[in-house]
Amino acid sequence: MLQRVMPELMGLGRINVINDEAHHCYRERPNADEPKLTGDARKEAEENAEAARLWISGIEAAKRKLGVQTVYDLSATPFFLSGSGWVEGTLFPWVISDFSLMDAIECGIVKLPRVPVADNLPGQPEPLYRKLWDAIGKKMPKKTRGAKPDPQSLPIPLKTAIDALYGHYESMRPV
């Protein structure tokens, strides 16, 4: 797996790992005290746990085969997720710095998130934009080699969402 994924690192010896989005990388812990999840929450927790197992197994394989000197975990979510077996929201014990999103926005490190404030497609049981991909995923144009997608062939709900998002951005811009 390592030769396929990172052949350029083979034979280098001890490496450092910068593990971005590290909140998705953990060993699951059975926790009888954690409430049992059901429905979509359970499915999401199972998917997260499987991804976490694969991710940490990859780092452990790199440690065994290449030699990992240090792992630097980076995450904007430095706490355990629901279904991890750890108490949800508990900070990882190795957190040495917690820099909030608000601090990052104020310092200009990240852009101010923009979310459409109006759902321009009324009559839905819930706002369409909350789960837009569910509504448009199968209607998206298919990829073709070498061809650029035609913006005019995008689904109407996506065009409407883009217009609403840009319209909100324009209304907030200083003149």
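# Group meeting: a walk through a predicted model

I'll start in a loop. P93 sits in the loop between β2, residues 68–74, and α3, residues 101–106. With a relative accessibility of 68%, P93 counts as exposed. Take K63 as a reference point: 30 residues separate it from P93 along the chain, and their C-alpha atoms are 21 Å apart. Before going on, note that this is a predicted model, and everything I quote is computed from it.

Now the overall layout. The protein has five helices and two strands. Along the sequence the order is α-β-α-β-α-α-α. How does the radius of gyration compare with the globule rule for 175 residues? The radius of gyration is 21 Å, and the rule gives 16 Å, so the protein is more spread out than a compact globule. The C-alpha trace spans about 55 × 50 × 40 Å along its principal axes. Of the 175 residues, 25% count as buried. On contacts: taking those with a separation of 6 or more, 65% are between residues 24 or more positions apart.

Next, the cores. In soluble globular proteins, nonpolar side chains tend to be buried together. Here the largest nonpolar core has 11 residues, among them L2, M6, I15, V17 and C25. Also in that core are I56, I59, A61, A62, L66 and V68. Two elements, β1 at 15–20 and α2 at 39–65, each supply at least two of its residues. Which of the elements gives the most to this core? That is α2, with four residues.

V17 is one of the core members, and its contacts can be listed. Leaving out residues up to four places away in sequence, V17 touches I59, V68, T70, V71 and Y72. I59 and V68 are themselves in the largest core. There is also a second, separate core of seven residues, including L128, L132, I136 and A161.

On to charges. Side chains of opposite charge can pair when their charged atoms come close. How many salt bridges does the structure hold? It holds two. One is between R42 and E46, with the closest N and O atoms 3.1 Å apart. The other joins E50 to R53, and there the closest N and O atoms are 2.9 Å apart.

Both pairs belong to helix α2. R42 and E46 are four residues apart in it, about one turn of the helix. E50 and R53 are three residues apart in α2, again about one turn. As background, an α-helix has 3.6 residues a turn, so residues three or four places apart point the same way.

Are these four side chains buried, exposed or in between? R42 has a relative accessible area of 47%, so it is partly exposed. E46, at 44%, is partly exposed as well. For E50 the value is 37%, and the label is partly exposed. R53 is also partly exposed, at 31%.

Now helix α5, residues 156–172. What should its 17 residues span at 1.5 Å a residue? The expected span is 24 Å, and the end C-alpha atoms are 24 Å apart, which agrees. The buried residues of α5 are P157, L158, T160, A161, A164 and H168. Seen down the helix axis, these buried residues fall within an arc of 165 degrees, so they line one face of the helix. On the face turned away from that buried side, α5 carries the exposed residues I156 and D163. What covers the buried residues of α5 includes α4, residues 132–136. A161, one of the buried residues of α5, also turned up in the second core.

M172 lies in α5 too, and at 47% relative accessibility it counts as partly exposed. Y26 is 146 residues from M172 along the chain, and the two C-alpha atoms are separated by 40 Å.

Last, a backbone detail. E21 is in the loop between β1 and α2. What is notable about phi of E21? It is near 60 degrees, a positive value in a residue other than glycine. At 36% relative accessibility, E21 counts as partly exposed.

To recap: α2 gives the most residues to the largest core and holds the R42–E46 pair and the E50–R53 pair. In α5, the buried residues line one face. That's all I have.

Key: Residues are numbered from 1 along each chain as its sequence is written. This is a predicted model: local features need pLDDT of at least 70, side-chain atom pairs count only at pLDDT 80 or more; totals for chains, interfaces and linings use all residues. Side-chain values use heavy atoms; hydrogens and water are left out. A nonpolar core is a set of buried Ala, Val, Leu, Ile, Met, Phe, Trp, Tyr and Cys residues joined through side-chain atoms within 4.5 Å. Buried means under 20% relative accessible area, exposed over 50%, partly exposed in between (1.4 Å probe, protein chains only). Contact means heavy atoms within 4.5 Å. A salt bridge is a side-chain nitrogen of Lys or Arg within 4 Å of a carboxyl oxygen of Asp or Glu. The expected span of a helix is 1.5 Å times one less than its number of residues. The arc is that of the directions from the helix axis to the C-beta atoms. The radius of gyration is taken over C-alpha atoms; the globule rule is 2.2 Å times the number of residues to the power 0.38.
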